[in-house]
Amino acid sequence: MAADSVILLDEMVLPEAGVSPYAAAMDLVMMIAFAGKERTESQWRRIIESVGLKLVKTYVYNATSYESLMDVRLA
């Protein structure tokens, strides 16, 4: 990865509280079907930082379903 590289992650980024019923249902689907889960921005930040990267900015492009694009770069 070069110093000016950018990783774009297209994910649901849940709020810390007050999640919509749709997002809660998607979280359950992820858990049941894929043993995964939807995450909050702080959870994503911890994962990204644990591998030596940094979350520069999160762009929400669908507020109803929390669909977002995360700009990730070298720390």
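Which elements make a right-handed β-α-β unit in this protein? Strand 1, helix 1 (residues 21–34) and strand 2 do so, and the points below set this unit in the context of the predicted model.

1. Overall layout. The model is a prediction, and the protein in it holds two helices and four strands, which follow one another along the sequence in the pattern β-α-β-α-β-β. The C-alpha atoms fill a box of roughly 40 × 25 × 20 Å when the dimensions are taken along the principal axes. Of the 75 residues in the protein, 24% are buried. Among the contacts with a separation of 6 or more, 57% are between residues 24 or more positions apart.

2. The sheet. The four strands form an open sheet with the order 2-1-4-3, and the pairing in this sheet is mixed. Strand 2 and strand 3 (53–62) are the edge strands, each of them pairing on one side only. As a general matter, the strands of a sheet pair through backbone hydrogen bonds, in either a parallel or an antiparallel manner.

3. Strand 1 and its two neighbours. Towards strand 2 (residues 39–40), strand 1 runs parallel and is joined by two bridges; here Val-13 has Arg-39 as its bridge partner. Towards strand 4 (residues 67–74), strand 1 (residues 7–14) runs antiparallel, and six bridges join the pair. The register between strand 1 and strand 4 can be followed through Leu-9, which stands opposite Met-70, through Asp-10, whose bridge partner is Leu-69, and through Met-12, which stands opposite Glu-67.

4. The hairpin. Strand 3 and strand 4 run antiparallel and are joined by eight bridges, and together they form a hairpin with four residues between them. Asn-62 of this pairing stands opposite Glu-67 in strand 4, and Glu-67 is also the residue that Met-12 stands opposite. A reviewer may wish to look at Tyr-66 in the turn, which has a positive phi of about 65°.

5. The nonpolar core. Which residues make up the largest nonpolar core? It consists of seven residues in all, namely Val-13, Trp-44, Ile-48, Leu-53, Leu-55, Met-70 and Val-72, and the elements that give two or more residues to it are helix 2, strand 3 and strand 4. Two of the core residues also appear in the bridge pattern described above, since Val-13 has Arg-39 as its partner in strand 2 and Met-70 is the residue that Leu-9 stands opposite. Leaving aside residues up to four places away in sequence, Leu-53 touches Met-1, Ile-7, Ile-48, Val-72, Arg-73, Leu-74 and Ala-75.

6. The salt bridges. The structure holds two salt bridges. In one of them the side chains of Arg-45 and Glu-41 meet, with an N to O distance of 2.7 Å; these residues are four apart in helix 2 (residues 41–50), so about one helical turn separates them. Arg-45 is partly exposed, with a relative accessible area of 29%, and Glu-41 likewise counts as partly exposed at 29% relative accessibility. The other salt bridge is formed by Asp-71 and Arg-73, whose closest N and O atoms are 2.8 Å apart. In this pair Asp-71 is buried, with a relative accessible area of 6%, whereas Arg-73 is partly exposed, with a relative accessible area of 32%.

7. A buried charge to check. Where does Glu-38 lie? Glu-38 is placed in the loop between helix 1 and strand 2, and it is buried yet has no salt bridge. The nearest side chain of opposite charge is that of Arg-39, which is 7.0 Å away; because a salt bridge requires the nitrogen and the carboxyl oxygen to be within 4 Å, this pair does not count as one. The residues that Glu-38 touches, not counting those up to four places away in sequence, are Glu-11, Met-12, Leu-14, Met-26, Asp-27, Met-30 and Gln-43.

Terms used:
Residues numbered from 1 in each chain as written. Predicted model: local features only at pLDDT ≥ 70, side-chain atom pairs only at ≥ 80, totals over all residues. Heavy atoms only, no water. Pairing = 2+ DSSP bridges. Right-handed = clockwise from strand over helix to strand, strands pointing away. Buried < 20%, exposed > 50% of the residue type's maximum accessible area, 1.4 Å probe, protein only. Core = buried A, V, L, I, M, F, W, Y, C linked by side-chain atoms within 4.5 Å. Contact = heavy atoms within 4.5 Å. Lys, Arg positive; Asp, Glu negative; His and termini not counted.
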